[in-house]
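Work through the exercises below with the sequence and the structure open beside you. Try each task before you read its solution.

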Amino acid sequence: MSSSAAAHPAHENQLSFVRQYIFSLDHKVIGKQYLFLGMFMALAGGLLAYLLRWQLAWPESAVPGMSWIPEPTMFQGIIPPEFYNAIVTMHGTIMVFFVAMPILLGAFGNFLVPLMVGAPDMAFPRLNMMSFWTIFTAAMIMLASFFVPGGAASAGWTGYPPLSADAVYTGVNWGITLWILGLALEFASFLMGGINFLTTVVSMRAPGLKMMRLPLMVWMQIVAAVIFMLSVGPLIAGAVLLLLDRTVGTSFYAVQKGGDPLLWQHLFWFFGHPEVYVVLLPGIGAVLEVLPVFSRKPIFGYKAIVYSTIAAGFLSFIVWAHHMFVSGMDFDLVMPFSITTILISVPFTIILLAMIATLWKGAIRLATPMLFALGTLMVFIVGGLTGIFLGSASADIYLHDTYFVVAHFHYTLISAVFFGGFTAMYYWFPKMFGRLMNETWGKIHFALTLVCFNLVFIPLFKAGLGGEMRRLYNPFEYDFLKPHQGLHQFATIAAILLMIAQLPFLVNFFWSMFKGKVADRNPWQANTLEWAAPSPPPHGNFDTAPSVYHGPYVYSAPERKEDWQPQHQPH
Amino acid sequence: MENTISEKLLAKSNGTLSHARPQKNGSLPTVELSINRSLLGLLIFLGTEAMFFAGLISAFLILKAGSAVWPPVDQPRLPVAVTALNTLVLLASGYTMHRAVRGARSGNQSALTNWLALTGVLGTIFLGVQGVEWGRLLSYGLTFTSSNYGATFYTLIGAHGLHVLAAVLVLMVVFIRALQKRYSVKNHDGLVLCQIYWYFVVGIWPVLYGLVYLS
Ligand SMILES: [Cu+2]
């Protein structure tokens with residue numbers, strides 16, 4: 001094994017540029033491809049966020065800097081109602097499916113899972129490469145849909161029929177067909193990814209790496225993969241029916257011809273709720289890796305966290321109808337789904353308590369990854385607590401489809417994707433690129449992000465409690481919502497500042513990639529296997545195939561001189 | 001040739017999923033699994049496939065429960081008896097597939113190819129009968145758009161038909177490879193993958209037949 005490892009550098013030079021960086025089979029290169037795709041799509045999703053925030057603060061006025069967008073999409077920078085619908089639809093679609101999933105699962109899952117289990121690569125490298133190029137195609141289709149006649153999909157990111165089933169309601173025909181096609185390819189991509197993740201973890205762990213010695217990031221990735229694989233089938237079925245309604249002229253969802261529009265909502269949310277955990281769990285996983293390292297303490301309640309995650313994954317399949325309390329579904333379903341929804345806060349409370357207990361009396365180092373991990377915790381707690389109101393049907397009937405919901409799910413998703421994603425980015429950057437990021441700029445980025453993020457969404461809680469429905473093109477056409485304009489202007493200014501606050505990150509990211517301080521193998525003095533490989537790891541990962549002798553979180557053991565104990569070092 | 005390092009490294013642990021390597025520390029537990037890696041990947045994929053059919057079936061049941069008369073009075077009835085015979089054909093192909101793999105396991109090349117050929121013929125007969133029956137139903141006025149009865153029928157049974165078609169195509173590849181004597185007693189992974197997929201499409205059919213034809 002070691003002789004072939006020694007041959008790495010020579011061999012790598014033999015690969016052509018195309019095979020090394022474009023059609024690469026190396027899980028680390030594929031992970032980076034996912035990362036750059038996700039970051040690029042985040043720019044698109046962010047631009048859409050800018051447009052919709054502007055419309056909500058100063059409706060029907062020219063958006064600064066946007067007069068170049070041609071008619072009929074926009075009129076000298078003014079957003080027409082049809083395009084506003086497309087903006088909110090595509091913002092949600094892009095951020096969930098083309099930013100959150102590629103970055104948290106595609107990038108970090110791909111990069112970390114083989115390294116953390118001590119494997120040379122994924123189980124199926126070719127399938128892995130195909131999964132990236134499939135989602136790349138899907139992303140291009142999504143972006144292209146802005147340029148077809150009628151514009152991009154505008155039926156909401158949830159694609160409810162009849163809006164999504166018939167162009168008479170939205171004026172969008174091609175856009176929605178492309179939207180369905182793009183999502184179908186995205187699902188196919190993550191199916192390939194999920195098969196790879198699960199097979200790799202089941203079959204390629206290093207000797208001694210029992211399941212209960214896996215780093216929690218790996219647990220989160222595989223539970224997320226299982227949840228995704230089991231929930232996406234019914235949505236694909238629902239999408240097939242929707243496509244048939246649109247193209248063949250069937251009436252699965254057309255109520256006037258005996259169809260049932262609620263059927264789509266059931267199939268969509270059977271996937272949609274677990275999907276929240278698909279992107280949430282890897283973010284939590286990153287936090288769980290960072291907390292022990294930067295408080296120099298073993299994780300508190302490893303098994304409790306694992307079992308809670310599995311329990312939450314299971315419960316996520318029986319809560320979906322909490323999205324449908326006001327949809328007119330059978331009222332007898334409301335109580336059971338309220339109960340399961342509130343029940344799901346139990347495993348997450350256990351995980352949060354374990355996180356806080358891990359910090360308790362630790363020797364805390366407030367490096368940037370740790371700051372973002374703590375930020376994830378804080379933001380997620382707000383998201384979780386506000387979710388309890390929405391899970392209880394009596395409160396939800398009032399709050400449903402208001403800005404309270406918008407604020408709530410941005411607190412849960414942004415905590416996981418944004419804060420969790422940055423936790424992972426700052427923590428594993430030295431392993432990915434072999435250089436350290438700048439700490440000062442990292443801390444500035446963190447402080448600005450945390451403050452601006454809260455300033456965007458706290459006003460939206462208030463707008464929602466004041467009864468403001470979301471998805472209104474110009475809310476202030478209604479007299480009772482006119483007093484909310486100030487809240488929206490405040491949120492919009494904060495959102496613009498939040499976007500500006502990402503510039504320090506971008507500069508730091510690209511500067512450090514080429515000019516940062518060179519990182520050694522284990523800059524954070526962490527235990528998990530990825531830190532045993534060189535930074536960045538060569539094709540094939542490890543110099544010698546590692547064996548594992550104990551769990552991943554042995555920190556500050558009293559009998560040892562160092563306060564850490566790498567997994568691959570015997571006692 | 002094109003072999004990259006990771007593939008070479010992977011090849012070392014391929015075949016059976018065993019990471020048993022020489023170790024200094026004898027007490028070290030190792031990860032051992034007796035199933036093939038590709039098979040594991042296929043089984044995970046089939047889990048998603050099963051959920052896809054579960055989604056279609058639940059759509060069928062919801063639409064059926066939501067309509068006053070099922071099947072609608074003006075729509076033709078499904079060919080229950082012919083399809084019952086066709087069900088037997090498909091189940092028989094499951095048995096012949098079993099015999100083919102048994103042939104490979106015992107090193108009997110002619111048993112392998114003969115039973116594989118018979119399996120392919122049975123699968124094709126199933127598809128052919130389904131096609132003829134579809135033609136008749138269409139001529140009687142049961143179409144995709146004539147009613148939700150027709151729409152769910154063609155979607156659900158059509159989705160299964162496409163899976164059988166895919167299985168027959170895979171089987172043809174495996175059959176050609178069997179003729180080239182590529183499957184030995186020890187190494188017939190591709191054959192086993194084809195077998196498992198075949199069992200899947202055979203196995204879900206009786207469920208669909210019961211739900212769609214017998215209700
Ligand atoms: Cu939900």
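**Exercise 1. The copper site**

Which spacing do the donors of the copper ion follow along the chain?

Solution. Keep in mind from the start that this is a predicted model. Begin by finding the donors themselves: the copper ion is coordinated by A:His273 through ND1, by A:His322 through NE2 and by A:His323 through NE2, at 1.7 to 2.0 Å. Next, read these donors in sequence order, and the spacing H-x48-H-H appears. Then place the pair on the chain: A:His273 belongs to helix H10 (residues 261–295) of chain A, while A:His322 sits in the loop between helix H11 (302–315) and helix H12 (334–343) of chain A, so that distant parts of the chain, 49 residues apart, are linked. Finally, ask whether these residues are buried or exposed, using the rule that buried means under 20% relative accessible area. A:His273 has a relative accessible area of 10% and is therefore buried, and A:His322, at 10% relative accessibility, counts as buried too.

**Exercise 2. The largest cavity**

Describe the largest cavity by its volume, its lining residues and the helices that supply them.

Solution. The first step is to count, and the structure holds 6 cavities of 30 Å³ or more. The largest cavity contains about 90 Å³ of space. It is lined by 14 residues, of which A:Leu105, A:Phe190, A:Gly193, A:Gly194 and A:Phe197 are the closest to its centre. The elements of chain A that give two or more residues to this lining are helix H5 (81–116), helix H6 (125–144), helix H8 (174–203) and helix H9 (216–247). The last step is to sort the lining by class, which gives 8 nonpolar residues, 6 polar residues and no charged ones.

**Exercise 3. The largest nonpolar core**

Find the residues with the most contacts inside the largest nonpolar core, and follow one of them outwards.

Solution. The largest nonpolar core has 248 residues, and those with the most contacts inside it are A:Phe98, A:Trp428 and A:Phe509. The largest share of this core, 23 residues, is supplied by H5 of chain A. Now take A:Phe509 and leave aside its neighbours within four places in sequence: its contacts are then A:Leu35, A:Phe36, A:Met39, A:Met425, A:Phe429, A:Phe433 and A:Met437.

**Exercise 4. A buried residue in a loop**

Where does A:Ala155 lie, and which residues does it contact?

Solution. A:Ala155 is placed in the loop between H6 and helix H7 (167–170) of chain A. With 7% relative accessibility it counts as buried, because the cut-off is under 20%. Leaving aside neighbours within four places in sequence, A:Ala155 is in contact with A:Thr89, A:Tyr160, A:Leu163, A:Ser164 and A:Ile176.

**Exercise 5. Chain B and one of its residues**

Describe the make-up of chain B, and then examine B:Thr113.

Solution. Chain B has 6 helices and 2 strands, and along the sequence they follow the pattern α-β-β-α-α-α-α-α. Of its 215 residues, 47% are buried. Within this chain, B:Thr113 lies in helix H4 (residues 109–140) and is buried, with a relative accessible area of 13%. Apart from neighbours within four places in sequence, B:Thr113 is in contact with B:Phe175, B:Ala178 and B:Leu179. B:Leu91 is 22 residues from B:Thr113 along the chain, and their C-alpha atoms are separated by 19 Å.

Note on methods:
Residues are numbered from 1 along each chain as its sequence is written. Chains are lettered from A and ligands numbered from 1 in the order in which they are written. This is a predicted model: local features need pLDDT of at least 70, side-chain atom pairs count only at pLDDT 80 or more; totals for chains, interfaces and linings use all residues. Side-chain values use heavy atoms; hydrogens and water are left out. On a 1 Å grid over the protein atoms alone, a cavity is a set of points where a 1.4 Å probe fits but cannot get out, and a pocket is an open set with protein on both sides within 12 Å along at least five of seven lines; lining residues have an atom within 4 Å of a point. Grid points are joined across faces, edges and corners, and a volume is the space filled by probe spheres set on the points. Helices (H or I, at least four residues) and strands (E, at least two) are DSSP runs, numbered from the N terminus. Ala, Val, Leu, Ile, Met, Phe, Trp, Tyr, Cys and Pro count as nonpolar, Asp, Glu, Lys and Arg as charged, and the others, Gly among them, as polar. A nonpolar core is a set of buried Ala, Val, Leu, Ile, Met, Phe, Trp, Tyr and Cys residues joined through side-chain atoms within 4.5 Å. Buried means under 20% relative accessible area, exposed over 50%, partly exposed in between (1.4 Å probe, protein chains only). Contact means heavy atoms within 4.5 Å. Donors are N, O and S atoms within 2.8 Å of the metal (3.2 Å for Na, K and Ca); water is not among the atoms, so sites may look incomplete.
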